[in-house]
Amino acid sequence: MKKIATLTSGGDSPGMNAAVRAIIRGGAHYGFEVIAVRHGYKGLINGDFTDVEHTDVSGIIQRGGTVLKSARSEEFRTKEGREKAAAQLKDRGVDALIVIGGDGTFRGATLLSQEHNIATIGVPATIDNDLIGSDETIGYDTALNTAMEAIDKIRDTADAHERLFFVEVMGRDAGFIALETGIASGAEIIVLPEYLTSTDDIRESLNRILKVHKRSTLVVIAEGDQTGGAINISQALQSDFEDYEMRVAILGYIQRGGNPTARDRVLATRLGFEAVKAFHDGHSQVMVGIINNEVKLTPLKDTFGKIKEINHDLVALAKILR
Ligand code: ATP
């Protein structure tokens, strides 16, 4: 009987539990023994394994976070750390490791495979949606909806007065969350790391918008933008818009939390199962993804280190409709 181990690693994202469930049950479907590792690579190095049965993953599909706990491990970044991790897997007769996480997790898995000849399969889970090889990553849709709902509430109060709202959303170096929440919440200006924007550009756009209709205006800013974030931008513009009350909101970690949306649960369920199937079909060092609603395998090493393109048509559309 072949044996699979699975873990969640890096920043947690809503939907990871649905992926764990699909891996445990998908493994049983293919006749594999599946064991879980708690606390990501840290737990792997320390031998923090746990047996999981079909019923152990009941009632977790709707829960945010990860029942396996996630962790960051400096030791796993070293050759010696990965040697310890490989020894733990080999001691338990594990044939394949399915890792659920983001680019750092995949970098680590790639090295583990190369150095110790252990089969690895990646399941893309990060709210940032910055991995190549899947249109969306697990947790992205939930983060989008959380950010949008928060912005809706901010909008309600903004409409009562003439205010300029600067809302910063997560996404690390990528603007996916900012672009789509900006569009979904009708933001007048969306500031993205993929486009060089200066405070002068924002000032000019605001002046143009406010000249047409003097009303509350929403600017959504991606945390990774080079202009320096919502606080810096609002401070730089304060003296230019004295008639307006300025409000700054940094949404932060609420975007990682909450129950996964239906879309994330379905995505995670598909990808978890497909990861097991990929190993069953003889693949290793690949990430499972969904592109245009079809399952695709991408070599793990090609999923990170390059910039995933945002949808430039959507950027243009947001500008037309503001
Ligand atoms: P997220 O995108 O949500 O932050 P992530 O998987 O990118 O998720 P990281 O903290 O970057 O999160 O990586 C998770 C773990 O993967 C790290 O704690 C480390 O153990 C391992 N890792 C990251 N980068 C490397 C690397 N270059 N070499 C070996 N291991 C790595």
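**View 1. Thr105 and the ligand in a predicted model.** A polar side-chain atom of Thr105 lies 2.5 Å from an oxygen atom of the ligand. The protein covers 90% of the ligand's accessible area, which is 620 Å² for the ligand on its own. The structure shown is a predicted model.

**View 2. Ser73 and Arg77 beside the ligand.** Ser73 uses its backbone: an N or O atom there lies 2.6 Å from an oxygen atom of the ligand. Arg77 has a polar side-chain atom 3.3 Å from a nitrogen atom of the ligand.

**View 3. Residues around the ligand.** There are 18 of them. Those that come nearest are Arg72, Ser73, Asp103, Gly104 and Thr105.

**View 4. Packing of helices H3 and H4.** H3 spans residues 79-91, and H4 spans residues 103-116. They pack at an angle of about 70°, with axes 10 Å apart. H3 is therefore roughly perpendicular to H4.

**View 5. Contact residues of H3 and H4.** H3 contributes Lys79, Arg82, Glu83, Ala85, Ala86, Leu89 and Lys90. They meet Gly108, Leu111, Leu112, Glu115 and His116 in H4. By class, this contact has five nonpolar, two polar and five charged residues.

Methods:
Residues are numbered from 1 along each chain as its sequence is written. This is a predicted model: local features need pLDDT of at least 70, side-chain atom pairs count only at pLDDT 80 or more; totals for chains, interfaces and linings use all residues. Side-chain values use heavy atoms; hydrogens and water are left out. Axes are lines fitted to C-alpha atoms, for helices over the stretch in contact, and angles run from 0 to 180 degrees between N-to-C directions. Helices (H or I, at least four residues) and strands (E, at least two) are DSSP runs, numbered from the N terminus. Angles under 35 degrees count as roughly parallel, over 145 as roughly antiparallel, 65 to 115 as roughly perpendicular and the rest as oblique. Contact means heavy atoms within 4.5 Å. Ala, Val, Leu, Ile, Met, Phe, Trp, Tyr, Cys and Pro count as nonpolar, Asp, Glu, Lys and Arg as charged, and the others, Gly among them, as polar. A residue is near a molecule or strand if one of its heavy atoms lies within 4 Å of it. A polar contact is a pair of N or O atoms within 3.5 Å; within protein, one must be able to donate a hydrogen and the other to accept it, and residues adjacent in sequence count only if both atoms are side-chain atoms. Accessible areas come from the Shrake-Rupley method with a 1.4 Å probe; for residues, only the protein chains shown count as cover.
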